[in-house]
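Please look over the sequence and the model below before reading on. The text then goes through the structure one part at a time.

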Amino acid sequence: MSTISKRTLLGLTAVAAVVGLVGCGKKEEPKQAAAPAAPASAPAAPKAEPLKAAWVYIGPVGDAGWTFAHDQGRKAVEAEFGDKVKTTFVEKVPESADAERVIRDLAAQGNKIIFTTSFGYMEPTLKVAAEFPDVKFEHATGYKLAPNMGVYDTRFYQDAYLSGIIAGAMTKTNTLGFVGSFPIPEVLRNINAFTLGAQTVNPKIKTKVVWISTWFDPPKEAEAAQSLINAGADVLIQNTDSSAVLQTAEKNGKWAFGWDADMSAIAPKAHLASNMVYWGPYYKKAVGDVMNGTWKSERTIWGYKEGANGVVKINDAVPEDIKKKVEEVKEGYKAGTADPFKGPIVDNEGKERLPKDAMPDQAWKDKVDFFVKGVEGKVPTGK
Amino acid sequence: MDTLALLIAATLASGTPLAIAGLGLLINEKAGVLNLGAEGMMLVAAIAGFAAAFTTGSDIAAFVAGAAAGALLAAAFGVLVIWLNTNQYATGLALSLFGYGFSAFVGVGYVGQKLSERTAFEVPGLGQIPFIGPALFRHHPMVYIAIGLIVVAMWFLYRSRAGLVLRAVGESPESAHALGYKVRWIRLLAVVAGGALCGMAGAFLSVVYAPLWVEGLVAGRGWIALALTTFATWRPWRVLLGAYLFGGVTMAQFALQGAGVNVSSQLLAMLPYLATIVVLAVISRNPTWIRLNMPASLGKPFHPGT
């Protein structure tokens with residue numbers, strides 16, 4: 001009897017050890033280990049206490065998509081500030097009670113600014129922010145502010161619109177396919193912008209949407225892409241995190257786009273362009289503001305104008321006049337004259353959502369809950 | 001019609017990895033060993049297979065590497081639970097978590113890498129038949145091998161002497177031991193074979209189905225395969241049926257969405273699991289069914305000489 005319980009105990013210890021190793025997955029940059037030694041070797045240096053900044057990631061940094069892009073931003077901060085900053089990140093943090101623990105832990109470790117990079121971290125971040133008034137918190141893609149918590153986002157839909165222009169020019173079946181994650185305003189904006197962009201060059205465009213109810217499941221993304229191709233779509237785009245849709249298009253001899261990262265090398269034949277997001281500029285600004293004591297709690301949404309988005313590596317097969325059109329819209333974004341949702345915007349049930357020539361404000365964009373004309377089907381609702 | 005043919009084709013491809021992994025786990029469980037490490041084995045095999053395909057360009061090498069990786073992990077699991085009598089549930093869970101971390105660790109350099117050009121497969125002659133051709137005869141050979149494996153397993157488990165011994169070990173290891181069979185070695189063989197099959201399923205996902213490597217690629221299919229063995233009440237042909245059903249529900253849901261039909265994707269996504277629970281509830285209500293199908297010593301350690 002006692003042997004068995006000992007063995008069981010051993011087994012459980014092994015589990016615990018593995019959980020500890022794998023589950024937490026906290027990584028610190030090697031730089032950090034070296035940093036504390038520096039003042040000892042150079043005692044003359046005046047208090048070179050680096051600013052500690054931390055990032056909380058939803059996925060692994062190796063996802064080649066969303067989290068990878070955030071980590072590129074973190075590296076940009078390191079490159080910009082060098083010894084003046086000490087960065088840490090925790091990856092694969094679930095949007096559960098674990099998130100709160102991880103964020104609190106990072107705050108307790110003396111990080112002065114903490115970036116939480118997924119929508120589901122909103123409440124945990126808010127809660128921990130109330131406990132650490134001296135620490136600044138920055139939450140990506142959310143909408144709730146606190147005196148020491150700001151939110152930031154980028155204008156993905158600006159990219160999606162440009163991709164739509166390219167897609168509209170390249171489709172032969174007049175059918176575009178969109179692999180969606182969840183029907184939230186952010187994703188609906190991208191679907192609508194993509195369709196509106198395509199309609200500027202090809203008014204007959206239809207967009208088919210398939211929801212997969214996850215951000216990351218490569219085989220499922222591939223299945224959804226395949227079903228869109230089966231339904232006649234010949235240009236695909238996705239709002240999910242892997243390159244599976246692009247690779248499915250390559251396999252079937254269709255077109256598709258990269259999302260969040262440059263995916264041109266993965267499917268050179270199918271790749272029309274990659275929709276990029278650059279978090280670096282904002283991270284550098286936020287960290288710099290904390291250093292200078294000028295940090296403010298606000299909502300910041302950056303796009304082309306601030307260098308936070310970009311459609312890159314456009315395929316050579318795309319006609320020159322289309323490339324030129326894309327460049328023109330990019331210039332318009334930078335000048336603030338172009339907006340994918342400039343009126344008139346009509347939804348796919350014929351209702352006018354924005355009158356002709358009206359420019360949408362942020363509140364309008366926050367509440368997008370419909371498909372524009374040209375998108376097939378209905379937005380799934382819980383009702 | 002074309003849409004239906006393509007839907008059938010997608011269903012077969014989607015069900016194949018589930019069927020192969022489910023069959024592997026069924027063989028484990030028929031021998032009395034429950035391996036919750038399927039997800040981990042499939043992940044490690046997926047990266048092993050992807051790496052092999054990436055370096056050699058050969059699908060055969062990829063499946064051999066995947067099967068070997070799965071078998072190796074399963075062997076380690078087998079030694080732990082069969083000889084050291086560690087708790088099967090805890091050890092299996094540990095294997096899943098280990099596999100997740102380990103595959104991510106060794107796979108870092110393969111993220112975003114691209115396999116060489118895949119050739120399209122087609123059964124000569126049959127592939128050109130309208131409707132039936134695109135639906136049934138234009139698949140990767142593994143899709144047909146999976147069906148073959150199921151048939152072989154049916155024959156092996158229920159028509160061969162070795163299969164009878166394997167089932168005896170799962171039903172009553174004491175009796176098998178008393179008859180002079182080496183219970184532990186037979187269990188180890190079953191576990192290794194199951195691991196190899198899970199490994200082939202993992203390699204199919206990363207080399208043929210996705211085809212790419214990213215951390216967490218298997219995304220829960222190991223757990224579906226585990227549910228599948230129960231869903232199938234430990235019958236090989238029902239594993240195949242269940243795998244196609246699970247795959248088919250997903251694909252039908254996507255096809256409906258693509259056709260513009262307004263269905264709740266969340267509702268359809270939960271259907272396979274709901275079906276598993278219903279089957280569990282039904283078979284658990286009837287003690288005879290349980291006794292007939294569920295290996296009586298499933299998950300119980302065996303100590304010879306006690």
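The paragraphs below take chain A and then chain B.

This is a predicted model. Chain A has 383 residues, of which 49% are buried. Its secondary structure consists of 13 helices and 15 strands. Among contacts in chain A with a separation of 6 or more, 64% are between residues 24 or more positions apart.

The domain assignment splits chain A into two parts, each made of two segments of the sequence: domain 1 takes in 22–37 + 48–154, and domain 2 takes in 156–277 + 309–366. Taken over C-alpha atoms, the centres of domain 1 and domain 2 of chain A are 30 Å apart. Where the domains of chain A touch, ten residues of domain 1 are in contact with twelve residues of domain 2. Which element gives the most to the domain 1 side of this contact in chain A? Helix α4 of chain A (residues 66–81) does, with three residues. Sorted by class, the residues on that side of domain 1 of chain A are five nonpolar, four polar and one charged.

Helix α4 of chain A also has a place in the path of the chain between two strands. Strands β2 (residues 51–56) and β3 of chain A run parallel and are joined by six bridges. One of the residues in this pairing is Leu51(A), whose bridge partner in β3(A) is Val85(A). The chain passes from β2(A) through α4(A) to β3(A), a β-α-β crossover that is right-handed. Strand β3 of chain A, residues 85–90, is mostly covered, with five of its six residues buried.

A second set of strands in chain A can be read from β7. Strand β7 of chain A spans residues 175–180, and six of its six residues are buried. Thr175(A), Gly177(A) and Val179(A) point one way from the strand, while Leu176(A), Phe178(A) and Gly180(A) point the other way; residues on both sides are buried. Which strands pair with β7(A)? One is β8 of chain A (residues 206–211), parallel to β7(A) and paired with it over six bridges. Another is β9 of chain A (residues 235–238), also in the parallel sense, over four bridges. Gly177(A) takes part in both pairings: it stands opposite Lys208(A) in β8(A), and its bridge partner in β9(A) is Leu236(A). As for the connection, the chain goes from β7(A) through helix α8 of chain A (residues 185–201) to β8(A), and this β-α-β crossover is right-handed.

In chain B, the text turns to helices. Helix α9 of chain B covers residues 183–209, 27 residues in all. At 1.5 Å a residue it should span 39 Å, and its end C-alpha atoms are 37 Å apart, which agrees. Of those 27 residues 24 are buried, so α9(B) is largely enclosed by the rest of the structure. Helix α9 of chain B is also among the elements that cover the buried residues of helix α7 of chain B, along with α1 (2–30), α6 (141–159) and α8 (173–178) of that chain. The buried residues of α7(B), which spans residues 161–171, are Leu166(B), Ala168(B), Val169(B) and Gly170(B).

The last stop is Trp237(B), in helix α11 of chain B (residues 236–258). Is Trp237(B) buried or exposed? Trp237(B) is partly exposed, because 13 other C-beta atoms lie within 10 Å, whereas a buried residue has 20 or more. Leaving aside neighbours within four places in sequence, Trp237(B) is in contact with Ile150(B) and Met154(B).

Definitions and conventions. Residues are numbered from 1 along each chain as its sequence is written. Chains are lettered from A and ligands numbered from 1 in the order in which they are written. This is a predicted model: local features need pLDDT of at least 70, side-chain atom pairs count only at pLDDT 80 or more; totals for chains, interfaces and linings use all residues. Domain bounds come from an automatic or database domain assignment. Two residues are in contact if their C-beta atoms, placed from the backbone, lie within 7 Å. Ala, Val, Leu, Ile, Met, Phe, Trp, Tyr, Cys and Pro count as nonpolar, Asp, Glu, Lys and Arg as charged, and the others, Gly among them, as polar. A residue is buried if 20 or more other C-beta atoms lie within 10 Å of its own, exposed if 12 or fewer, and partly exposed in between; C-beta atoms are placed from the backbone. Two strands pair if DSSP finds at least two bridges between them. A crossover is right-handed if, with the strands pointing away from the viewer, the path from the first strand over the helix to the second runs clockwise. The expected span of a helix is 1.5 Å times one less than its number of residues.
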